[in-house]
Amino acid sequence: MIKHIPVSELKVGMYIHDLGIDWLAHPFMLKSFLLHSERDLQTIMQCGIRSVDIDTERGLDLTAAPPRVELDAVAHSQLISLASATSPLPAQVSLSEEIGRARALKQQASRVTRQIMQDARLGRVIQLEPLEQLVDELTASLLRHPGALISLLQVKRRDEYTFLHSLSVGVLLIAFGQSLGFDEATVRQLGLGGLLHDTGKALIPDEILNKPGPLSVEEFAIVQRHPNDGHALLQRSPDVGPIPLRITLHHHERCDGSGYPDRLSGEAIDTPTRMAAIVDVYDAMTSERHYHRPQAPTEVLRYLFEASPQHFDATLVKAFMRCVGIYPVGSLVLLDSQRLAVVVEHNHSNLICPKVRAIYDTRQMRYITPQDIDLARSVGHGGADSILRHENPEKWQIDPYRFL
């Protein structure tokens with residue numbers, strides 16, 4: 001049974017089901033684990049966590065604690081319902097037309113973001129002109145085909161995560177702002193905010209930033225300095241706007257005041273920063289890192305949905321779901337027909353029924369002649385196919401991007 005208890009009643013031997021804060025705000029490798037030592041208990045308290053969920057079937061019980069209703073099934077049903085809504089960003093060109101340009105732009109953008117971090121590490125003033133030009137090019141690519149660039153940025157090697165994460169957050173914030181109908185100037189500021197939000201990480205020692213295991217309390221305290229450090233660095237660039245500055249300083253704040261560095265809550269966190277908090281967590285959780293395996297977009301979106309409105313703005317989470325869809329372009333999925341397929345296009349009338357390219361028969365364990373299927377058109381017709389779940393490309397040793 002899942003029980004919600006105050007940290008003051010937490011004991012060694014209890015099984016932590018949920019720490020009650022998003023996983024970027026604590027130093028533990030997992031959000032669910034057996035509490036082995038007093039040191040781990042002290043770490044939880046030092047993180048400012050006020051209450052947690054425990055699983056009494058996997059650890060010690062506390063009979064006085066009130067039970068908590070599980071939201072999994074309800075959240076999943078609502079997630080599917082939200083994702084079925086119309087997407088506001090239809091493509092202007094085909095994926096095949098844009099994918100080549102998007103690959104070249106990803107390489108260019110990666111060089112620019114690396115230079116930002118290098119300049120920050122050396123104490124140089126951040127030059128905004130190349131960043132603004134980059135944001136304009138990223139915006140143009142997203143307008144031509146939102147899925148091309150976003151899908152390519154899903155793939156990050158561990159050694160390039162720090163650079164490509166900032167790029168991904170910038171791209172997703174541009175797409176998010178476009179989907180909400182923001183004006184061009186605001187969208188540009190959102191893009192800049194995403195590219196610059198982790199600038200302070202340039203001052204974190206590599207042995208901490210790339211540590212393969214959980215951080216100590218002392219190491220995590222160093223990591224938690226990066227919003228303030230980044231904000232101080234950006235203030236030296238006279239033309240940085242207020243949106244990038246606020247995003248850099250407050251993208252780890254949470255609606256209930258459990259975030260850092262200033263424990264802001266409610267309306268004290270402005271809309272662009274709330275958007276950045278959602279995007280930052282989404283990209284981090286769907287990416288492979290030194291200590292973290294990537295999670296499927298569906299699972300991450302469900303986490304964001306369940307964590308709102310305590311941690312994230314619920315209205316913005318729903319809008320973000322409609323913006324990115326639960327099956328991003330480039331995802332490998334298993335169909336009801338037991339074929340593996342690559343998502344190649346969103347259906348903007350129904351995001352849970354994308355256009356896919358079937359490439360592999362799991363029953364015969366062999367590649368097949370690629371077949372394009374519009375899952376939305378097959379609904380209601382005899383022999384309709386549908387998506388069962390995401391699949392891990394590494395499990396099947398398949399590179400989905402070969403088939404885009």
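**Close-up views of a predicted model**

**Figure 1. Strands β7 and β8 pair as antiparallel neighbours.** β7 and strand β8 (residues 366–374) run antiparallel and are joined by 6 bridges. One place to look for this pairing is K355, whose bridge partner in β8 is D374. Please keep in mind that the model shown here, as in every view that follows, is predicted. Between the two strands of this hairpin lie 4 residues, and M365 takes a positive phi near 55°. M365 itself sits in the loop between β7 and β8. With a relative accessible area of 51%, M365 is exposed, because the cut-off for that word is over 50%.

**Figure 2. On β7, strand β6 is also an antiparallel partner.** Strand β6 (residues 339–345) is joined to β7 by 6 bridges, and the two run antiparallel. Here V343 stands opposite V356 in β7. Strand β7 (residues 355–361) is mostly covered, with 5 of its 7 residues buried. As a reminder when following the side chains, in a regular strand they alternate between the two faces of the sheet.

**Figure 3. Two residues other than glycine take a positive phi.** Most residues other than glycine have a negative phi, and most peptide bonds are trans. Q338 departs from this with a positive phi near 70°. You will find Q338 in the loop between β5 (332–335) and β6. Its relative accessibility is 28%, so Q338 counts as partly exposed. M365, met in the hairpin view, likewise has a positive phi, near 55°.

**Figure 4. I398 is a buried residue in the segment after α16.** I398 is found in the segment that follows α16 (393–396). Its relative accessible area is 5%, under the 20% limit, so I398 counts as buried. What does I398 touch, leaving aside its neighbours within four places in sequence? I398 is in contact with L332, L340, I359, Y360, Y367, P393 and F403. For a sense of how the chain comes together here, take L340: I398 and L340 are 58 residues apart in sequence, and their C-alpha atoms are 9.8 Å apart in space.

**Figure 5. Four strands make an open antiparallel sheet.** The order of the 4 strands in this open sheet is β1-β4-β2-β3, and the pairing is antiparallel. At the edges are β1 (2–6) and β3 (33–34), each of which pairs on one side only. β1 meets strand β4 (residues 51–55) over 5 bridges in the antiparallel sense. To trace that pairing, start at K3, whose bridge partner in β4 is I54.

**Figure 6. Helix α11 is mostly covered by other parts of the protein.** Of the 9 residues in helix α11 (residues 242–250), 7 are buried. These are I243, P244, L245, I247, T248, L249 and H250. Which helices do the buried residues of α11 pack against? Their packing partners are α6 (161–179), α7 (184–196), α10 (226–234) and α12 (271–285). A handy guide for this view is that an α-helix has 3.6 residues a turn, so residues three or four places apart point the same way.

**Figure 7. Two peptide bonds that lead into proline are cis.** One cis peptide bond joins Y260 and P261, with omega about 15°. P261 belongs to the loop between α11 and α12, so this view can be read together with Figure 6. The other runs from S308 to P309, and its omega is near 5°. P309 is in the loop between α13 (297–306) and α14 (314–324).

**Figure 8. The second largest pocket has a mixed lining.** The second largest pocket holds about 650 Å³ of space. It is lined by 26 residues, and those closest to its centre are Q154, T286, P294, N392 and P393. By type, the lining divides into 10 nonpolar, 8 polar and 8 charged residues. P393, one of the residues named here, is also in contact with I398.

**Figure 9. The whole protein puts the close-ups in context.** The protein has 16 helices and 9 strands. Of its 404 residues, 55% count as buried. Among contacts with a separation of 6 or more, 68% are between residues 24 or more positions apart. The accessible surface comes to about 17,600 Å², and carbon and sulfur atoms account for 51% of that area.

How values were computed:
Residues are numbered from 1 along each chain as its sequence is written. This is a predicted model: local features need pLDDT of at least 70, side-chain atom pairs count only at pLDDT 80 or more; totals for chains, interfaces and linings use all residues. Side-chain values use heavy atoms; hydrogens and water are left out. Buried means under 20% relative accessible area, exposed over 50%, partly exposed in between (1.4 Å probe, protein chains only). Contact means heavy atoms within 4.5 Å. On a 1 Å grid over the protein atoms alone, a cavity is a set of points where a 1.4 Å probe fits but cannot get out, and a pocket is an open set with protein on both sides within 12 Å along at least five of seven lines; lining residues have an atom within 4 Å of a point. Grid points are joined across faces, edges and corners, and a volume is the space filled by probe spheres set on the points. Ala, Val, Leu, Ile, Met, Phe, Trp, Tyr, Cys and Pro count as nonpolar, Asp, Glu, Lys and Arg as charged, and the others, Gly among them, as polar. Accessible areas come from the Shrake-Rupley method with a 1.4 Å probe; for residues, only the protein chains shown count as cover. Two strands pair if DSSP finds at least two bridges between them.
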